[in-house]
Amino acid sequence: MKRLSIFVSGNGTNLQRIAEYFSNNKDVEIVNVVCNNPKAYSIERAKKLGIPLRMITKQDFNSEAFVKEMQSLGIDLIVLAGFLWKLPENLVKAFPKKIVNIHPALLPKYGGKGFYGEHVHEAVVAAKEAQSGITVHYVNELYDSGEIILQARVSLDENETPDSLAAKIHQLEQAYFPVAIEQVLFSNALSGRNP
Ligand code: GRF
């Protein structure tokens, strides 16, 4: 059994998709949803999905107790699904290669501080890029710079807008994020970790 924790800050469409994707898989359990935003629609989704919800404050999040709590839950993989806080170093160190993030662009371009949500798509359209896409990557102590697990691409049209690009990226996320998570979970098992 692989135990997932999903961290969210916003709408939670990725959370929803991941939960549905694994709903018939007896080898994967979503142990909790960790949320830092009391206004996030993800909260409703977690409740409807019947997944335990853990709301956090910044103080909780930066404490050693939170790391211990996650460890005591036996989490195999932390999935950042639209989670907007930088992770504290102690959490990253406690879960080496066990935290993944999705970024709505082709890293290393359009990553780092300030590149989140619509800001990413605005920058990509303004630069008249021919392509954008998604990047699923491991998380290290820096923003958006861990090892890349998967990228998927879309072409920009001549009259592309940040909104139309966001819709394309959304489709890629829905198609590929759960698949990338599954790969990470079960390739670790093959290499003998957490059998
Ligand atoms: C996604 O575009 C993801 O790439 C980014 O934040 C957004 C989250 O959307 N990191 P949602 O909350 O899953 O709907």
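This is a short tour of one predicted model, starting at its ligand and then visiting four places along the chain.

Because the model is predicted, local features are described only at a pLDDT of at least 70 and side-chain atom pairs only at pLDDT 80 or more, while totals for chains, interfaces and linings use all residues. Residues are numbered from 1 along each chain as its sequence is written, and side-chain values use heavy atoms, with hydrogens and water left out.

**The ligand**

Select the ligand, and then show the residues around it, meaning those with a heavy atom within 4 Å of it: G10, N11, G12, T13, N14, G82, I102, P104 and E173. This shell divides into two nonpolar, six polar and one charged residue, in a scheme where Ala, Val, Leu, Ile, Met, Phe, Trp, Tyr, Cys and Pro count as nonpolar, Asp, Glu, Lys and Arg as charged, and the others, Gly among them, as polar.

Next, look at polar contacts, which here are pairs of N or O atoms within 3.5 Å. A side-chain N or O atom of E173 is 2.3 Å from an oxygen atom of the ligand, a polar side-chain atom of N14 lies 2.8 Å from a ligand oxygen, and at N11 a backbone N or O atom lies 3.4 Å from an oxygen atom of the ligand. Taken alone, the ligand exposes 370 Å², of which the protein buries 80%; these areas come from the Shrake-Rupley method with a 1.4 Å probe.

**Strand β2**

Now select I30, which is found in strand β2, residues 28–35, a strand being a DSSP run of E with at least two residues, just as a helix is a run of H or I with at least four. Is I30 buried or exposed? I30 is buried, because its relative accessible area is 13%, and buried means under 20%, exposed over 50%, and partly exposed in between, with a 1.4 Å probe and protein chains only. If you also select P96, 66 residues apart from I30 along the chain, you will find their C-alpha atoms separated by 19 Å.

**The loop between β5 and α6**

Move on to P108, in the loop between β5 (99–103) and α6 (118–126), where a cis peptide bond with an omega of about 10° joins L107 and P108. Y110 is also placed in the loop between β5 and α6; although Y110 is not a glycine, its phi is positive, about 60°, and it counts as buried at 17% relative accessibility.

**The loop between α6 and β6**

Finally, select K128, in the loop between α6 and β6 (131–138). K128 has a positive phi of about 55° although it is not a glycine, and K128 is exposed, with a relative accessible area of 73%.

Terms used: A polar contact is a pair of N or O atoms within 3.5 Å; within protein, one must be able to donate a hydrogen and the other to accept it, and residues adjacent in sequence count only if both atoms are side-chain atoms.
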